[in-house]
Amino acid sequence: DAGAILASWVQQAGFAPPSLSVAIAVGRPIGEIIRRDKKFSLCILAENDTTLMKRFARGTPEPGAFDGLDTLVGANGIPLPTACAGALECDLLDIRPSATDHDLFVGAITAAHAMTDAKPFTHTRGNGLKY
C-alpha cells in the first residue's frame, strides 16, 4: 500500500539521527497511511520537472499511486519514481498533530538515493498565506 502527495513544507529536523519534518494538510489520506505504516519516503523532484509535481499535487490515494511510472522499491518497501532527482526513506519518529491545518510528521532518514544528476526542484512562496 502506498499513496503519494506533494508535501506542503519539508525541512531538516535534526542531526542525530539525521531527520526531517514534513507538513501534510489535515485530512489527506497519506497522513493515515504514514500513521499506520510508521514510515514514509520523500522523493525530491528534479528542477523544472512539472510532470510528477502535477501528478501528485492534489494527492493520489492508495492503491495505484505509482501506476504507469518507472519505479524502484526502496528498502522500506515504498515505490520510488526513478524520474526523481533523489529520494530519502524515513522511519516515523513523531507526529505533531495540528493546532491549525497541517500535521507535522518527523522521520529519521534511513536511506538516501540519487536517481539522476538533476538539481532539485525548489519553490519559494511570495508569502506564507496560501499555496
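Here are a few questions and answers about this predicted model.

Reader: Happy to start with the overall layout: how many helices and strands are in the chain?
Author: Reading from the N terminus, the elements run β-β-α-β-α-β-β-β-β. Counting by type, the chain has two helices and seven strands.

Reader: Which strand does E6 join through ten bridges?
Author: Good one, as E6 has bridges to E3 and also to another strand. Strand E3 (residues 39-44) runs antiparallel to E6 (residues 86-96), and six bridges join them. The ten bridges go to an antiparallel partner spanning residues 102-114, and that partner is strand E7.

Reader: And how many residues lie between E6 and E7 in their hairpin?
Author: These two strands are antiparallel, and Glu89 has Ala111 in E7 as its bridge partner. Together E6 and E7 make a hairpin, and the number of residues between them is five.

Reader: Which residue in E6 stands opposite Cys43?
Author: Strand E3 covers residues 39-44 and pairs with E6. The E6 residue facing Cys43 is Ala87.

Reader: Is Arg28 buried, partly exposed or exposed?
Author: Let's place Arg28 before classing it: this residue sits in the loop between strand E2 (19-25) and helix H1 (29-37). Its relative accessible area is 22%. Buried means under 20% and exposed means over 50%, so Arg28 is partly exposed.

Reader: What separation is there between the C-alpha atoms of Arg28 and Asp103?
Author: Along the chain, Arg28 and Asp103 are 75 residues apart. In the model, their C-alpha atoms are separated by 9.9 Å.

Key: Residues numbered from 1 in each chain as written. Predicted model: local features only at pLDDT ≥ 70, side-chain atom pairs only at ≥ 80, totals over all residues. Heavy atoms only, no water. Helix = DSSP H or I, 4+ residues; strand = E, 2+ residues; numbered from the N terminus. Buried < 20%, exposed > 50% of the residue type's maximum accessible area, 1.4 Å probe, protein only. Pairing = 2+ DSSP bridges.
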